[in-house]
Amino acid sequence: MVIINNILQQIKDKNIRFVDLRFTDLKGKLHHITIESGLLNEKMFSDGVVFDASSISGWKPINDMRLIPDPVTAHIDPFFAQMTMIIICNIIDPLTGDQYNHDPRAIACRCEAYVKSLKLGDTIYIGPEAEFFIFDDVRYQIDPYNTGFKLDSSELPSNDEREYTMGNLGHRPRVKKGYVPVPPIDSCQDIRSEMLTMLRTVGIEVERHHHEVAAAQHEIGIKYDTLVRQADKIQVFKYVVHQVANAYGKTATFMPKPVYGDSGSGMHVHLSIWKDDKPIFAGDEYGGLSEICLCFIGGIIKHAKALNAFTNPSTNSYKRLVPGFEAPVLLAYSARNRYASCRIPHGFSPHSRRVEIRFPDLTANPYLAFSALVMAGVDGIRNRIHPDKPMDKNLYDLPPTELENIPTVSSSLKEALAALDQDRTFLQEGRVFDSEMIDSFIQLKIHENLRYETMPHPVEFDMYYSV
């Protein structure tokens with residue numbers, strides 16, 4: 001009640017004109033409904049706001065839902081001309097009064113509750129490293145007789161010979177050579193710093209930012225937080241990145257692989273579980289880990305192909321998950337090898353013990369991706385699934401005879417969806433994920449994959465036009 005009263009008082013003190021109620025659909029897309037701030041009262045935090053949910057992809061075709069504002073998520077939007085408060089909402093089915101089983105945020109809440117109910121831990125920490133591209137211009141066309149896309153950025157090597165009004169200054173990253181250069185090669189330092197400034201105003205702490213390996217590619221590392229709150233923050237983070245880029249006359253994308261032949265963008269997810277203010281992943285096993293943590297890794301490796309449906313849910317995801325671009329396609333764990341899908345980051349104390357899952361990307365719905373990873377890891381703990389020996393060799397220098405014994409992530413969205421369809425029981429433990437919701441998600445993604453598979457691609461003309 002105190003936090004609600006503080007919100008209502010803040011609306012009066014700051015003369016906040018509007019309240020923007022936001023929620024996330026199954027695909028991970030953020031939606032919003034704006035109300036006059038005078039309509040927000042204590043009762044609305046329990047009764048919510050009724051809205052027509054029939055047009056939301058993957059939800060019930062004919063039904064109203066209730067948006068229930070979560071007061072802990074309230075913050076001021078730094079971009080709107082009119083003073084506006086943002087509040088993220090949970091979705092309630094008005095017919096049952098229960099959390100809607102297709103609401104991704106409700107799934108994340110149930111995941112946290114499930115881990116607590118098992119008495120494994122009381123806090124799940126998530127720390128994501130978010131990668132993305134910033135372009136000056138993007139054009140794409142899917143007309144049946146005119147299909148293709150064109151990207152441009154002053155950083156791209158393709159502009160080495162381009163004539164500019166003020167001259168071509170020539171400072172650009174080379175292919176796969178763009179990791180952490182100083183300006184002028186890094187042309188977006190000020191843009192990223194502005195993103196950090198805006199992120200801080202909305203309550204998101206950032207640990208670092210830098211240029212990434214590809215031209216026009218960037219990374220922002222978000223400070224760890226609990227599962228549900230971190231998923232909230234990823235949604236806000238993506239919104240802020242898009243808005244700041246737009247304000248600079250640029251365009252940002254979280255597509256994993258918008259450029260062929262250069263590095264793709266991922267979302268490395270750092271995970272740890274704590275109990276009574278102590279990290280249960282710390283121990284005296286490999287890399288300073290506990291047996292519990294090794295089994296957590298074992299669960300993720302076992303269920304990785306099904307996890308890919310949530311952690312890598314776009315057809316474009318699998319353009320990134322190919323060998324040769326530091327892509328974490330091999331299901332191994334290591335404290336030394338960055339190519340392993342499960343990496344053990346170096347830490348200075350037991351409190352820093354965690355596992356870094358490297359295959360997810362930011363086309364993922366963070367509520368579903370984080371929850372699925374935790375459910376897979378917990379299944380590993382409950383069933384004592386040990387991940388076998390670590391792999392400290394260079395995975396891409398291994399002879400074929402050794403490589404063939406190392407499992408891989410899914411090679412396509414189609415394979416990931418088939419794996420999820422067959423391997424879903426671990427997600428349904430504690431009623432965290434609902435089978436009907438999983439079916440709806442699979443159908444949404446099958447439709448996306450069908451569009452992809454049936455659309456002629458420009459490279460097919462290069463390969464087959466003159467056959």
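Three cavities of 30 Å³ or more are found in this structure, which is a predicted model. The largest cavity holds about 40 Å³ of space. Its lining is made up of R22, L30, H75, I86, I88, V236 and Y239. Strand 6 (84–92) and helix 5 (227–247) are the elements that each give two or more residues to this lining. By class, the lining of the largest cavity has five nonpolar residues, one polar and one charged.

Next, the nonpolar cores. In soluble globular proteins, nonpolar side chains tend to be buried together. Here the largest nonpolar core has 125 residues. Within this core, F237, L271, I300 and F433 have the most contacts. Helix 5 gives the most to the core, with 11 residues. Which residues does F433 contact, leaving aside its neighbours within four places in sequence? They are I107, F310, L368, S371, A372, M375, L427, Q428 and I438. A second, separate core has six residues, including F133, F135, A214 and A215.

Last, the cysteines. A disulfide is a covalent bond between the sulfur atoms of two cysteines. The count of disulfides in this model is zero. Why is C109 not bonded to C111? The sulfur of C111 is the closest cysteine sulfur to that of C109, but at 10.0 Å it is too far for a bond. C342 is in no disulfide either. The table sets out the two cases.

| Cysteine | Nearest cysteine sulfur | Distance | Relative accessible area |
|---|---|---|---|
| C109 | C111 | 10.0 Å | 24%, partly exposed |
| C342 | C293 | 9.4 Å | 0%, buried |

Conventions:
Residues are numbered from 1 along each chain as its sequence is written. This is a predicted model: local features need pLDDT of at least 70, side-chain atom pairs count only at pLDDT 80 or more; totals for chains, interfaces and linings use all residues. Side-chain values use heavy atoms; hydrogens and water are left out. On a 1 Å grid over the protein atoms alone, a cavity is a set of points where a 1.4 Å probe fits but cannot get out, and a pocket is an open set with protein on both sides within 12 Å along at least five of seven lines; lining residues have an atom within 4 Å of a point. Grid points are joined across faces, edges and corners, and a volume is the space filled by probe spheres set on the points. Helices (H or I, at least four residues) and strands (E, at least two) are DSSP runs, numbered from the N terminus. Ala, Val, Leu, Ile, Met, Phe, Trp, Tyr, Cys and Pro count as nonpolar, Asp, Glu, Lys and Arg as charged, and the others, Gly among them, as polar. A nonpolar core is a set of buried Ala, Val, Leu, Ile, Met, Phe, Trp, Tyr and Cys residues joined through side-chain atoms within 4.5 Å. Buried means under 20% relative accessible area, exposed over 50%, partly exposed in between (1.4 Å probe, protein chains only). Contact means heavy atoms within 4.5 Å. A disulfide is a pair of cysteine sulfur atoms within 2.5 Å.
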